[in-house]
Amino acid sequence: MADLDHLHTDLIAQVHAADSLDALDAVRVAALGKQGAVTALLKTLGGMSPDERQQQGPRIQALREGVTAAIAAKKAALDRAELDAKLARETLDMTLPAEAAPVGSIHPVSQVMDELAEIFADLGFAVATGPEIETQWYNFTALNMPETHPARAMHDTFYLNARDGEEARVLRTHTSPVQIRAMQAAGGTKPIRIIAPGRTYRSDSDATHTPMFHQVEGLVIDKGITLGHLKWTLETFLKAFFERDDIVLRLRPSYFPFTEPSAEVDVGFSVVNGKRVIGGSDGWMEVLGSGMVHRSVIEAGGYDPNEWQGFAFGCGIDRLAMLKYGMDDLRAFFDGDARWLKHYGFSALDVPTLSGGVGA
Ligand code: DAH
């Protein structure tokens, strides 16, 4: 029986000596596992005489319990030590100065939006916004697109599930509904000059289309507004944006439900080293849609069309960024690839200003 005492002392010493959870588990397996020393002793009970078993049984059980308890206590101690070490290792010194090298950058779309706001602020335009989840009335009906209008089908609209008793809302397919909201906010009595940059959505995806994209809307409402004001404003904007004086515009008659007359605007480009560059007149490239605001739209905004006129335009911001900064795949804009952002992104200190050149 000295053997049992000896085994007990030996196993407890091994448990104490284990300096890692792995080492401790090896001791546990060697003692209590299927082939373990204590398990082997327990197995001998079956071959003993009843007297012997009565005497040895409790001793062997006591050995098993003693070793089990010692292992549990040691495991708790090792777990605690590991947690303490981890806490010490992962300490953050909140008093350290911030990282010296800036790691983030401004996305080209954000940069272009800032450039647009800067250019149009100089022309007296405020920035207006509207919701991205829009009612069909604002997105279509008020813009002279009644329910049966074919243009509704052309927009590849994302419809949301309708709430009880309400018409289904849509993800706005363009920034034009902000025209109506801006007119309503001005109450039908004041002139308006706004741009509305923001996200828009259509169910479409290829190298030049993404389901989410960006547009900027422009709206001027006043008395005595003509197509001449529209053309001058767009020309001034595009010259400032592309930072070139040789920008030539061509207004091509077109159709939009919310403008009458409507015009698509092309700018002249030249070919430099096989690439198209804005400016010059080697060819024409369509950049935006525009026109004189339709009477019905002025009315839907709460203005009297016999007194007030206006012009509007809408333009894809992502495309403007691609043309100005030379990217050729729109999808990369929204991949969030850090290498792309590092290459095409802007420093937070490159705030566009007209005096510094908006491209900063
Ligand atoms: N909303 C049009 C679109 O998404 C763009 C547009 C065209 C806006 C003409 C206008 C406009 O304000 O006058 O295709």
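I began with Glu-260 and found its place in strand 7. The model I am reading is a predicted one, and I kept that in view throughout. I looked up Glu-260 because of the record: the unreviewed UniProt entry lists this residue under "binding site". Leaving aside neighbours within four places in sequence, I found Glu-260 in contact with Met-292 and His-294.

From the same record I took the wider annotation, in which the unreviewed UniProt entry gives residues 110–352 as "domain: Aminoacyl-transfer RNA synthetases class-II family profile". Over residues 110–352 I noted 29% helix and 30% strand, and the C-alpha atoms at the two ends of this stretch are 11 Å apart.

Next, the ligand. I listed 15 residues around the ligand, of which His-174, Ser-176, Arg-202, Gln-215 and Glu-217 come nearest. Asking which elements supply at least two residues each to this shell, I noted strand 5, strand 9 and strand 10. I then looked at individual polar atoms: a polar side-chain atom of His-174 lies 2.9 Å from a nitrogen atom of the ligand, while a polar side-chain atom of Arg-202 lies 2.9 Å from an oxygen atom of the ligand. For Gln-179, I found a polar side-chain atom 3.1 Å from an oxygen atom of the ligand. Taken alone the ligand exposes 360 Å², and I noted that the protein buries 90% of that.

Gln-179 led me to helix 8, where the buried residues are Pro-177, Val-178, Gln-179, Ile-180, Ala-182, Met-183 and Ala-186. Seven of the 10 residues of helix 8 (residues 177–186) are therefore buried, and I recorded the helix as largely enclosed by the rest of the structure. Just after helix 8, I noted that Gly-187 takes a positive phi of about 75°.

I turned to the nonpolar cores. In the largest, which holds 39 residues, the members touching the most others are Leu-116, Leu-234, Phe-237, Leu-238, Phe-241, Leu-288 and Phe-333. Tracing where this core draws two or more residues from, I listed helix 5 (108–122), strand 5 (212–222), helix 9 (227–242), strand 7 (259–272), strand 9 (283–293), strand 10 (309–316) and helix 11 (317–325). Which of these elements gives the most to this core? I found that helix 9 does, with six residues. I followed Leu-288 outward and, not counting residues up to four places away in sequence, saw that Leu-288 touches Leu-234, Phe-237, Ala-263, Glu-264, Val-265, Phe-313, Gly-314 and Cys-315. Apart from the largest core I noted another, of 24 residues, with Leu-143, Ala-182, Ile-298 and Tyr-303 among them.

Two single residues remained on my list. I placed Thr-39 in helix 3 (residues 37–44). Is Thr-39 buried or exposed? I recorded Thr-39 as buried, because its relative accessible area is 17%, under the 20% cut-off. Not counting residues up to four places away in sequence, Thr-39 touches Ala-31, Leu-32, Gly-33 and Lys-34. With Gly-33 I also noted a polar contact, in which the backbone oxygen of Gly-33 lies 2.6 Å from a polar atom of the Thr-39 side chain.

Last, I placed Asp-304 in the loop between helix 10 (295–300) and strand 10. I entered Asp-304 as partly exposed, because its relative accessible area is 34%. I also checked Asp-304 against Gly-188: the two are 116 residues apart in sequence, and their C-alpha atoms are 7.4 Å apart in space.

Conventions. Residues numbered from 1 in each chain as written. Predicted model: local features only at pLDDT ≥ 70, side-chain atom pairs only at ≥ 80, totals over all residues. Heavy atoms only, no water. Core = buried A, V, L, I, M, F, W, Y, C linked by side-chain atoms within 4.5 Å. Buried < 20%, exposed > 50% of the residue type's maximum accessible area, 1.4 Å probe, protein only. Helix = DSSP H or I, 4+ residues; strand = E, 2+ residues; numbered from the N terminus. Contact = heavy atoms within 4.5 Å. Near = heavy atom within 4 Å. Polar contact = N/O pair within 3.5 Å; in protein donor to acceptor, adjacent residues only side chain to side chain. Areas by Shrake-Rupley, 256 points an atom, 1.4 Å probe, with all protein chains shown as cover.
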